[in-house]
Amino acid sequence: MVEKIKEERICPSAIATSYTGKAKRAVKELKDIIFPHDPEAEVLETRFRDVILIYTILDKESLKNLMKKMRPSALARFVVADKCIILKDQDEILRLTDVIEDMFIKYRGAKFYVDCIKRGDFIDSCHRLETLIGRRLYEKNLGIIDFKKPDLIIKLENIDNMFLISIIKPKEDRLKRSF
């Protein structure tokens, strides 16, 4: 479960990206899916176009299974956070890498890459952050960087000074129907 302060709703349980211009419809669909299971849930649009934050008490697996089962048509991507970190300033980036390292230990030896999506101007470059984290995990022999056939993807969703961290299988964040 994501670490969060319920009263302040600082860290969301998940982040979703709707198809272009479909955010309002996506929020409605998400509420319709989640509210029967968690009436206290919040589904909020952000100041970033087509980006939606989901705050719920549902556990990670329940939330993922709901999305797989219901497949909201207005959503392009849906990522459930394994962990959420709020940084005070850029000097704390090493704390972020420490947290990711601790999370990745149980996947020792896996092929991976780091995928960062930046929203806001808290960090200068997602590419530099991806390189820093990837190199650190590789140098500590925790995994092998592989962009073509990774076992796992370390997904970083950055919104201003908040980082949602997920370790997922390739394409697990996509909700597109397969026919």
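In which sense do strand 8 and strand 9 pair, and over how many bridges? The views below, all taken from a predicted model, start with that pair.

**View 1. Strand 8 beside strand 9.** Residues 152-159 make up strand 8 and residues 162-168 make up strand 9; the two pair in the antiparallel sense, over seven bridges. To find your bearings, look for Glu157, whose bridge partner in strand 9 is Leu164.

**View 2. The open sheet around this pair.** Here five strands line up in the order 5-9-8-6-7, with mixed pairing. Strand 5 (83-86) and strand 7 (143-145) are the edge strands, each pairing on one side only. From one strand to the next, the twist averages 30°.

**View 3. Two helices on the sheet.** Helix 3, residues 93-104, lies across strands 5, 6, 7, 8 and 9, and runs at about 20° to strand 9. Helix 4, residues 126-139, also packs on the sheet, where it touches strands 6, 7, 8 and 9. The direction of helix 4 makes about 155° with that of strand 6.

**View 4. Stepping back to the protein.** Four helices and nine strands make up the secondary structure, and along the sequence they follow the pattern β-α-β-β-α-β-β-α-β-α-β-β-β. The C-alpha trace spans about 45 × 40 × 30 Å along its principal axes. A compact globule of 179 residues would have a radius of gyration near 16 Å, so the protein's 16 Å agrees. Buried residues account for 50% of the 179. Of the contacts between residues at least 6 apart in sequence, 72% join residues at least 24 apart. The accessible surface comes to about 9900 Å², and carbon and sulfur atoms hold 52% of that surface.

Definitions and conventions
Residues numbered from 1 in each chain as written. Predicted model: local features only at pLDDT ≥ 70, side-chain atom pairs only at ≥ 80, totals over all residues. Heavy atoms only, no water. Pairing = 2+ DSSP bridges. Axes fitted to C-alpha atoms, helices over the stretch in contact; angles between N-to-C directions. Contact = heavy atoms within 4.5 Å. Rg over C-alpha atoms; globule rule 2.2 N^0.38 Å. Buried < 20%, exposed > 50% of the residue type's maximum accessible area, 1.4 Å probe, protein only. Areas by Shrake-Rupley, 256 points an atom, 1.4 Å probe, with all protein chains shown as cover.
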